[in-house]
Amino acid sequence: MYCISFHYVLILSVLTHLMLSGQEGQSHMSFTHFTIDSPLPGEGYGTGGFALADYNGDGDLNITLQRRSDATIYWYAYAGDDVWTRYEAARYGGGQLGAVALDVDQDGAMDLVMGRVWIQNPANLLHAPYTPCKVHHYNGGMSNENHDLALADVNQDGRLDIIAYAQEVGILRWYDCSNSKSWLFHDIAIDVNTDNVHGAFAPRGVGDLSGDGYPDVIMPFYWYENPGGHQEAWNKHAWPYVDVGENLYGRSFRSWIVDLDGDGDQDFIIADCV
């Protein structure tokens, strides 16, 4: 039995407090808007596959995205705050939203993982940025859109694993990709969409809520406790989620698990998508 207290606060207030903490006399933080690409390639609705990583190894962060209308994954090379160069990475029409950057094949170059596929970095993008990337289908890929993907060392073997959720099938699943040619997959829950859940744990709603050293997963209404390396089912615990209603696609929020108050326990922040 876990006793977890939840406090609902206006996200803006939390961010304001964090920004002002330790910055005496500063009343606000300002941001400058830069455009990476406009208009985006293709036409119509549907953009996903966002993941920040240094794909070309030049020390700067680059960004990926997928456009549904032209079934293409692009990567953008950073050359300055308002100077980005677009390159075609691969052709893939999976219509995915979630994505994470991970060196799947352990060659030192960051790859891209999306629903059902991972995109292999050719490891020469700094000098040959137009080189096409290979698309690999992995074991246990879930049908339709995989809305959320995140990274965590689920089994504590020292390597990052992938957590994914697909609304249409209602499955929350994690993948052990330590063997890049033969991924292993394990279901955390297969009935998540009973509550019409669209997404929740991206970008960082995976963390050790139970205090046993193993990362757990937060979703609307419930959080799922990692069994800690045993072959047991993940325990499902209710938490006092305040249902603000469904958006067009279902219940959804963005989340981050972190020790906000410095007491040694993990807390989390959510921002509802309505």
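**Aromatic rings and their partners**

In this predicted model, the charged end of K236 is placed over the ring of Y222, at 4.2 Å from the ring centre. A comparable arrangement involves R86, whose charged end sits over the ring of Y74, 5.6 Å from its centre.

Contacts between rings were examined next. A pair of aromatic rings is described by the distance of the centres and the angle of the planes. Across the whole structure, the search finds eleven aromatic pairs. One of these is formed by Y138 and Y175, which meet edge-to-face, with 5.1 Å from centre to centre and 70 degrees between the planes. Because Y138 belongs to the loop between β8 (134-137) and β9 (146-152), whereas Y175 is part of strand β11 (residues 171-176), this pair ties together parts that are 37 residues apart in sequence. Y138 has a relative accessible area of 7% and is therefore buried, and Y175, at 1% relative accessibility, is likewise counted as buried.

A further edge-to-face pair is made by W239 and F268, with a centre-to-centre distance of 5.1 Å and an angle of 85 degrees between the planes. W239 is found in the loop between β18 (235-238) and β19 (251-258) and F268 in strand β20 (residues 267-272), so that parts 29 residues apart in sequence are tied together by the pair. With a relative accessibility of 6%, W239 counts as buried, and F268 is buried too, its relative accessible area being 16%. W239 and F268 also belong to a cluster, in which ring pairs link them with F221, Y241 and F253.

Conventions. Residues numbered from 1 in each chain as written. Predicted model: local features only at pLDDT ≥ 70, side-chain atom pairs only at ≥ 80, totals over all residues. Heavy atoms only, no water. Phe/Tyr/Trp six-rings, centres within 6.5 Å; stacked < 30°, edge-to-face > 60°. Helix = DSSP H or I, 4+ residues; strand = E, 2+ residues; numbered from the N terminus. Buried < 20%, exposed > 50% of the residue type's maximum accessible area, 1.4 Å probe, protein only. Lys NZ or Arg CZ within 6 Å of the ring centre and 35° of its normal.
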